[in-house]
Amino acid sequence: MRLRPPSERGLRGLALFSLTAALAAALPAAAQTGTIRGTVSDASGGSAVSQATLTVEGAGLAALSDTDGSYELVSVPVGEQVIRVESFGFRPLRVEVTVLAGGVATADIVLTPSPFSLDGLVVTGRGGDRPAREVASSAARLVIDDVSDRPVSVSDFLQGAAVGIEVTGASGEAGQGRQIRLRGAGSMMLSSQPLIFIDGIRMMEGAFPAEVFDDPSANLLPTGANVSTSPIDLVSVGDIERIEVVRGAAASTLFGAGAANGVIQVFTRRGIAGPPRWTADISQGTGWVQPFGANGVDYLHVEHFLRDAWWGGGYEGGENSRECVTDDPRWEGANSSASGGCSWPGAQWYQRYRVGVDGGSSRFDYFVSGEYQNDQYALPQDALERYAVRANLGAVLTPRLESRLHASYTNFATSNTASGASWEGILLSTMRQERNYISSGDPRDIADLLVNQNDQWIDRFTGGLTTTFSQSPAASHRLTLGYDYSSQDLRSEHALPALQIRLATVRDWHRHLLTADYRGTVGWTRGSALRSTLSFGAQVVSDDLDWTVVSGSGFPDGVPANPPEAETADTVSTGAGRSTAGVFAQNVLGVRDRYFLTTGFRLDRHDSGHESFLRLDPTVGLSWVASDESFWPRSLGTLRVRASYGHSSTAPDPFLQAVRYRGDPPEGADFSGVLEPESMRELEFGLDASLFRGRLDLGVTRYSQVTSSAIVPVTIDPQAVPQRQELRNIGRLRNEGWEVELDAALYRGPRWGFDLGLGVGTNHSEVLDLGVADGFSEAGAHALVGYPVPSSVGRRVADPDAVSGSFGYVTDEDGNDRLPLGPQLPTHFVIPSLTARVPGGIVISARGEYRGGHVRFVSPVPVARSVRSPLCDPWYATPFNPEDPFAPAELRPETPDLWRERCTPEAADDYWFDADHFRLRAVNLTAPVAFAFPDAVSEALFTVTLGNAFVWFRDVPWWDVEIPDNEGANGDGVGTSERVPLPATLTFSVRLTF
């Protein structure tokens, strides 16, 4: 794998941001100011409260309390000032302090404990923090430092983190991203990926294009690695302070177009005033692929190509697998005998190194970090290398003006073995044995496919400037300018001597996402009973995408496969863009700090290609803190009841606009029509409670979403070849469910503690209307009126347990045997977690996830292509004969009807299974080890994490239903392909603080 130097554009941008912040920090302080000092402590025990946020209202000044609870606010304007103090787990407090010119005012602050769910800070827009008691919709706040398993990627952290967050699509390939879905699928044709913001800057959502051989004009045979990388996984987890997830459309007023699928907000770390504080993270790990075969073929013959674990031993293929190859130089040193381990030489190894520093003064703070990652994966050519740097710089320019600069750059490179449903893929060729495209199951013949190369290089730069002006204690203005740049360079080479084919493709792909976001806030109070906060603003988003593909075939032997120099070369360039401009206003009216009414609207103009639309999206929310009422018994704890209504619009991208007609458009087709945005309305009810003196936290949410003007493909001419279809806004669907989250402190003591977490969720969808269409199928996903989105449609054997020598299918009253079988996406979720704190500061925790209620087609070995399947081995009458590998397999007379259908090549259609499964996501142990570094570090934590070590399937006899199809992270999560399942991992990490 070849690496390029980091992008000069990204480095120039980072240097410019750093220089600007340094100049800002050098500005002189304003006159007539003073200092406020003091401590923040806990009223219940007097202990210090660290990381409390102290804000001087209307002055644009803020600070965080230190580990001993101390804080200092400098350059505070003279006169009467109000400090607002907020910290998770405590009730917010406002304190009045008199500041004299050049003087030091002392204010020791005591906070009263309060339930986590009611008075924590939840960011519901790029405007800033709001107490959770005011927010009428549900939002999940996930703090990285509260998780002890040290997740490797952001998607690892999100997986199973909260109900309503569904992360799927994992496999064992280098750089493979995952699909992220919040509250199911809200559309039949458009993406269900949520919007993503990092430090208030919109970043690319979805995933990069898959690594494939790309020749749009010639449609040549190879496909390639089929790996699609997620940009959110290129963010260093160690740089993140917290992630907040808005799961529905209720907050779309502040977030804008596309928020119907929810919003993920990533907040990176900031500097804390004081001397430089250094942190270092070192992580080393290994992984192993668990068996995914059946009946003595434990790895479906793929064990020949799996890397060895670092302790050696290889992968035993099973009693019915082929003997290990020992006489080929490509396996030299890997196996000592035919009965030894069967694996590619080398170690599956993951390593990552990170260093960061933060600090600052009262007028300037900084956080800078760098990370390096170098991994080897299960397949022989799979490797990954990543460099990442980040800088967050803040400066107080005047007592009323503050600026903050964010900049990050990532250089990411992968090399991948061809995989997925690719005819040159190692797994497909190995699983199909002699029925593959090279008509050989010998690993030495299949190994010829390893000459194919699939490499990608990704550059990402995200930068932004946020300036806040505090006009008065009751009014402020914030302007954020952001730029998110993504670049992918792909090179795919295929040399197939058996077919005398040599092919190459180079893809140059770029996406530019620019945002400008203004938000103003005006507040007023009437005594202590009435408070109102009005937010208003505007946002502009420009999203441009362009790429060039150069492909070629026919190269002289020994000449590098440079597509422009090929005997046959082809170049295709494509570009498109879309933009959105919107204005919004939202008001939060608080009465007696217990009744809150939120009203707002957003007006957006969507421009995509040559089409534009205006959409008005309103929102209304109510929140009532019932436990603050006089009738509420204080011994019961606290309770908040909430309800919200939100409306959001999602416009189709310009590429979908361009293919509104599929096939040749009908004569006289009107291209002046528009493909309008889809509209989603969501109604949500819920409650949050903290009972038994904070030992039990409970959250319950009921939501219902209805999408109208949904895009549906309508067949115009069924007889045409290819079939003619037109996309129209005529569909309607519903998506609803429950979300219940419970956190219980089973025991709390000075040295011991046990906490239990449990999340339970449901998600049920239904197609309400398809207009003139009865139903349609899109990439295997079926949409039928009255059934879930998407539905599984297939044939079921009528009497599966009968032994009749034949089989028949279940039919409806019209004799149709292809019937809806159930939803393809999970409808039930259970997320258990357990944390134990034992003497010595050691923490042991475990986290799992159950998904069920859906039906999936699972058949990685295609019997329909006359491939002998290990699942059918108990029913084959004759064993496999290597001297006659293409002989048809006969079945035993006692074969049940279900297996007779499954094992007959002319049928093999009833491979539908209940896809319920449970995965133990992580088990880990964290221990303080500062004693090992006396007088050298202030804190040291050692963590051991065992990931994905156990998987249970209710019905699926093999495989992993979370493996994605060829679209990977860009898919809809309803298909599967021939990939290495997600391996179990063992990771050791150390975090040092100096």
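This briefing covers a sheet, salt bridges, backbone exceptions, a surface patch and a disulfide. The model is predicted. Its salt bridges number 49, and a search of the whole structure finds 1 disulfide. One open sheet of 4 strands is described in detail below.

**Sheet**

- The open sheet has 4 strands in the order 3-2-5-6, and the pairing is antiparallel.
- Strand 3 (61-64) and strand 6 (93-99) are the edge strands. Each has a single partner strand, so one side of each lacks a neighbour in the sheet.
- Neighbouring strands of this sheet are turned by 25 degrees against each other on average, direction ignored.
- Strand 2 (residues 53-56) runs antiparallel to strand 3, and 4 bridges join the two.
- Thr-55 has Ala-62 in strand 3 as its bridge partner.
- In general, strands of a sheet pair through backbone hydrogen bonds, either parallel or antiparallel.

**Salt bridges**

- Of the 49 salt bridges, one pairs Arg-354 with Asp-239, with the closest N and O atoms 3.1 Å apart.
- That pair links distant parts of the chain, 115 residues apart. Arg-354 sits in strand 21 (residues 349-360). Asp-239 sits in the loop between strand 15 (201-203) and strand 16 (240-246).
- Both Arg-354 and Asp-239 are buried.
- Glu-434 and Arg-322 form another salt bridge, at 2.4 Å from N to O.
- Here too the pair links distant parts of the chain, 112 residues apart. Glu-434 lies in the loop between helix 5 (426-432) and helix 6 (443-446). Arg-322 lies in the loop between strand 19 (307-308) and strand 20 (344-347).
- Glu-434 has a relative accessible area of 11%, so it counts as buried. Arg-322 reaches 26% and is therefore partly exposed.
- Asp-442 and Arg-444 also meet through their side chains in a salt bridge, with N to O at 3.1 Å.
- Arg-444 is partly exposed, with a relative accessible area of 29%.
- One network is built from salt bridges that share partners. Its arginines are Arg-183, Arg-247, Arg-640 and Arg-642. Its acidic residues are Glu-682, Glu-684, Asp-688, Glu-739 and Glu-741.

**Backbone exceptions**

- The peptide bond joining Val-789 and Pro-790 is cis, with omega about -15 degrees.
- Pro-790 belongs to the loop between strand 40 (781-784) and strand 41 (791-794).
- Ser-75 is not a glycine, yet its phi is positive, near 60 degrees.
- Ser-75 lies in strand 4 (residues 70-77). At 15% relative accessibility Ser-75 falls under the 20% limit, so the residue counts as buried.
- Ala-908 likewise has a positive phi without being glycine, near 50 degrees.
- Ala-908 is placed in the loop between helix 8 (897-902) and strand 46 (912-914). With a relative accessible area of 9%, Ala-908 is buried.

**Nonpolar surface patch**

- A nonpolar patch on the surface consists of Leu-746, Tyr-747, Trp-752, Phe-754, Leu-756 and Leu-834.
- Together these residues have about 560 Å² of accessible area.
- Strand 36 (724-748) and strand 37 (753-762) each supply at least two residues of the patch.
- Phe-754 lies in strand 37. This residue is partly exposed, with a relative accessible area of 32%.

**Disulfide**

- The 1 disulfide found in the whole structure joins Cys-872 to Cys-903, with S to S at 2.0 Å.
- The link of Cys-872 and Cys-903 is left-handed, with -95 degrees about the S-S bond.
- The two cysteines link distant parts of the chain, 31 residues apart. Cys-872 is in the loop between strand 45 (855-857) and helix 8. Cys-903 is in the loop between helix 8 and strand 46.
- Cys-872 has 0% relative accessibility, so it counts as buried. Cys-903 has 3% and is buried as well.
- In general, a disulfide is a covalent bond between the sulfur atoms of two cysteines.

Technical notes
Residues are numbered from 1 along each chain as its sequence is written. This is a predicted model: local features need pLDDT of at least 70, side-chain atom pairs count only at pLDDT 80 or more; totals for chains, interfaces and linings use all residues. Side-chain values use heavy atoms; hydrogens and water are left out. Two strands pair if DSSP finds at least two bridges between them. Axes are lines fitted to C-alpha atoms, for helices over the stretch in contact, and angles run from 0 to 180 degrees between N-to-C directions. A salt bridge is a side-chain nitrogen of Lys or Arg within 4 Å of a carboxyl oxygen of Asp or Glu. Buried means under 20% relative accessible area, exposed over 50%, partly exposed in between (1.4 Å probe, protein chains only). Patches are made of residues with over 30% relative accessible area and no salt bridge: like charges are joined within 9 Å, nonpolar side chains (Val, Leu, Ile, Met, Phe, Trp, Tyr) within 5 Å. Accessible areas come from the Shrake-Rupley method with a 1.4 Å probe; for residues, only the protein chains shown count as cover. A disulfide is a pair of cysteine sulfur atoms within 2.5 Å.
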